[in-house]
Amino acid sequence: MKNRILTISLLILGHIGYTQTLEETTNWIENNAGAPNSMFSNTVAYNSQTHKLLLYKNYSAPFKFRKVTEINPAHVSSISVSEPNKEGDLGGIVLNFKKGGTTTKVYLANNNTRVSKVNKVEEKQMYSWPIMAEGGINHKQRIKKYYINLFHELGIDVEDGDHL
């Protein structure tokens, strides 16, 4: 009986004590939330100096470059799954911003994230930001959970937008 109680206690403590780190979460997103034909992948990085979340869409063909979107993660209120709305659309997840939206910065960079002088930085007022991702609804739900965990790791409470 003592062994059974000890085993159950260890299992409970092990389950409670494990949380995924920010690095593990961003690595999972990069490895599992891209396009099925490897035309692009998604990468996420947090800049602790500017307190901005950098959302990269990494394109591999015909040449390598990144589309970078900078957002203030504190302005995200919920994350939901989006279904394809037209033929050939992948769907994915959507970051929904708080009422009034937020200003985002969008620019192109090469793969080492340097911005060249020819790439202008666009500032856009956005109310949501779509992130394309492959897979069926179950996989998109999983991607959404990883993004929700990412925000929780940053200390930001976001809601599951599909359960509001």
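The largest nonpolar core of this predicted model holds 25 residues, and those with the most contacts inside it are Leu-55, Val-76, Ile-79, Leu-95, Trp-129, Tyr-147 and Phe-151. A nonpolar core here is a set of buried Ala, Val, Leu, Ile, Met, Phe, Trp, Tyr and Cys residues joined through side-chain atoms within 4.5 Å; buried means under 20% relative accessible area, exposed over 50%, and partly exposed in between, with a 1.4 Å probe and protein chains only. At least two residues of this core come from each of α2 (22–32), β2 (52–59), β4 (76–82), β5 (92–97), β8 (128–132) and α3 (137–153). The largest share, six residues, is supplied by α3. Apart from this core lies another, of five residues, among them Leu-54, Tyr-56, Val-68 and Tyr-107. Helices (H or I, at least four residues) and strands (E, at least two) are DSSP runs, numbered from the N terminus.

Residues are numbered from 1 along each chain as its sequence is written. Because the model is predicted, local features need pLDDT of at least 70 and side-chain atom pairs count only at pLDDT 80 or more, while totals for chains, interfaces and linings use all residues; side-chain values use heavy atoms, with hydrogens and water left out.

Around the core, four strands form an open sheet in the order β8-β5-β4-β9, with mixed pairing. Two strands are taken to pair if DSSP finds at least two bridges between them. The edges of the sheet are β8 and β9 (159–160), each of which pairs on one side only. Helix α3 packs on the sheet, touching β4, β5, β8 and β9, and its direction makes about 165° with that of β4. For such angles, axes are lines fitted to C-alpha atoms, for helices over the stretch in contact, and angles run from 0 to 180 degrees between N-to-C directions; contact means heavy atoms within 4.5 Å.

Within the sheet, β5 deserves a closer look. Six of the six residues of β5 are buried, so this strand is largely enclosed by the rest of the structure. Six bridges join β4 to β5 in antiparallel fashion, with Val-81 standing opposite Ile-93 in β5. Strands β5 and β8 also run antiparallel, over five bridges; in β8, Pro-130 is the bridge partner of Val-94 and Ser-128 is that of Asn-96.

Asn-96, placed in β5, ties several of these features together. Its side chain makes a polar contact of 3.2 Å with that of Ser-80. A polar contact is a pair of N or O atoms within 3.5 Å; within protein, one must be able to donate a hydrogen and the other to accept it, and residues adjacent in sequence count only if both atoms are side-chain atoms. Leaving out residues up to four places away in sequence, Asn-96 touches His-75, Val-76, Ser-77, Ser-78, Ile-79, Ser-80, Tyr-127 and Ser-128.

Further pairing involves β6. Strand β3 (residues 65–71) runs antiparallel to β6 (residues 102–109), joined by five bridges, and Thr-69 stands opposite Val-106 in β6. Five bridges also join β6 to the antiparallel strand β7 (residues 122–126), where Glu-123 is the bridge partner of Lys-105.

Taken along its whole length, the protein chain has three helices and nine strands. Buried residues account for 35% of its 164 residues.
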